[in-house]
Amino acid sequence: MCMSRKTTISLIKCDIGSLAGHHVVPKLLLDIGEKNLRMAKEKGLINSYYVFNVGDDMELLMVHEKGESNPQIHQLAWDTFQAAAQKAMQLKLYGAGQDLLKNAFSGNIRGLGPGVAEMEIEERASDPIIVFAADKTSAGSFNLPLFRIFADPMNTAGLVIDPNMAGGFNFEVTDTQEGKSIVLKCPEEMYELIALIGTVERYVISRVWRARDNLICAAGSATRLSLIAGKYVGKDDPVMIVRAQHGLPAVGEILAPFMHSYLVAGWMRGSHWGPLMPVGIKDARCTLFDGPPRLVALGLQIADGAIASDDEGKPLIADMFADPAFDMARQEALQYASMMRRMGEFEPARLSVESMEYTTLPMILEKLKDRFKPIQG
Ligand code: F6R
Ligand code: MG
Ligand code: MG
């Protein structure tokens, strides 16, 4: 095997319509994804794929050798989402074509609605990858776990005891409001990093590299659909790719931050703080108050430009949160959900007024505007 082989992992997701409100993508739509990607594999455009859903989002995981932002790969995803949306429209499924915000494809799917996480890697002798996909939340919800994984020595033992991690990690933070990014180095600039990424609705960790050799370690989606569409059109249910082991955080260190639930922006109408619930694929379906926000983690190995697969070419995929080790986080999520819902529409259960700008709330305020009278005396 050639050690410097370049392989790209593309995880592209889209809400193309779902069954019974914003609940799940039915199998017949996933089958359209499966068929399109199988054909692309047969033509040699991609080497491996895995189609799944997290709640109402269809997720296309593709491994190929065409690099990041490749027009053919993005076109494949765009056409697949279009085909699935067409079927969803015929069936009058809910929110059919919801995330396909633009009519025409122009070479790159970024900015057209779907969420994208992509990473080109130079294959190591063995390259374990964890891909994360969430529903009913936004990209900033990965800030806390990414910080824990790559900067917190109380989470990642390797930061303390593995000499290959000495020197720390560089974090690219995207300012989703201004469309700018900055790179900060940990541990040296840890406090500045936290100052930014604690503002989860604005600053999003978009990439992480190992500082000593610039090895790419993590890539996430950092879009805000509302800023593209100018109004609330669903949350930017985020996706993320993380590389593991051998001088990087171990798989167990990558999963450790999810031992506990924590509050993320999203949930009902993209307008509430809700607890993130790590689940196996079979439970990746939002119900209670359109949630709680769900998170799936899939483990795979990259091998010779593809996902390590069985003899029939079926990719070997590990469903990391389908494990009793995350029962406590799931229980906590329910407890937090009950606590937050007791507060109904009162902040901080509901998002701050700035975040509500792109929801339907301003329409209500507009209606009342002229009835406000100046205070006398
Ligand atoms: C959240 C989400 C749902 C909807 C809610 C209302 O991301 O998609 O919580 O916002 O179900 O949906 P509409 O306005 O389509 O009835
Ligand atoms: Mg939807
Ligand atoms: Mg969704």
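Here a student and a tutor talk through the helices and the sheet of this predicted model.

Student: Why is helix 1 called roughly antiparallel to helix 2?
Tutor: Look at the angle. The axes of helix 1 (residues 27-42) and helix 2 (residues 71-90) cross at roughly 150°. Angles over 145 degrees count as roughly antiparallel, so helix 1 gets that label against helix 2. Their axes come within 9 Å, and the crossing is right-handed.

Student: Which residues of helix 1 meet helix 2?
Tutor: Among them are Leu28, Ile32, Gly33 and Ala40 in helix 1, and on the helix 2 side you'll find residues including Leu76, Asp79, Ala83 and Lys87.

Student: What makes Gly33 polar or nonpolar in that count?
Tutor: Gly is put among the polar ones by the rule used here, so Gly33 goes there too. Overall, the contact of helix 1 with helix 2 divides into 9 nonpolar, 3 polar and 2 charged residues.

Student: OK, on to the sheet. What makes strand 2 and strand 4 edge strands?
Tutor: Strand 2 (48-54) and strand 4 (115-122) each pair on one side only. The sheet is open, with 4 strands in the order 2-3-1-4 and antiparallel pairing.

Student: How do you know that strand 1 pairs with strand 4?
Tutor: Count the bridges: 8 of them join strand 1 (residues 6-14) to strand 4. Pairing needs at least two bridges, so these two strands pair. Ser10, for one, stands opposite Glu118 in strand 4.

Student: Where does helix 2 lie on the strands?
Tutor: Helix 2 lies across strand 1 and strand 3, at about 150° to strand 3. Helix 1 lies across strand 2 and strand 3 (57-64).

Notes: Residues are numbered from 1 along each chain as its sequence is written. Chains are lettered from A and ligands numbered from 1 in the order in which they are written. This is a predicted model: local features need pLDDT of at least 70, side-chain atom pairs count only at pLDDT 80 or more; totals for chains, interfaces and linings use all residues. Axes are lines fitted to C-alpha atoms, for helices over the stretch in contact, and angles run from 0 to 180 degrees between N-to-C directions. Angles under 35 degrees count as roughly parallel, over 145 as roughly antiparallel, 65 to 115 as roughly perpendicular and the rest as oblique. A crossing is left-handed if the near helix is turned anticlockwise from the far one by less than a right angle, and right-handed if clockwise. Two residues are in contact if their C-beta atoms, placed from the backbone, lie within 7 Å.
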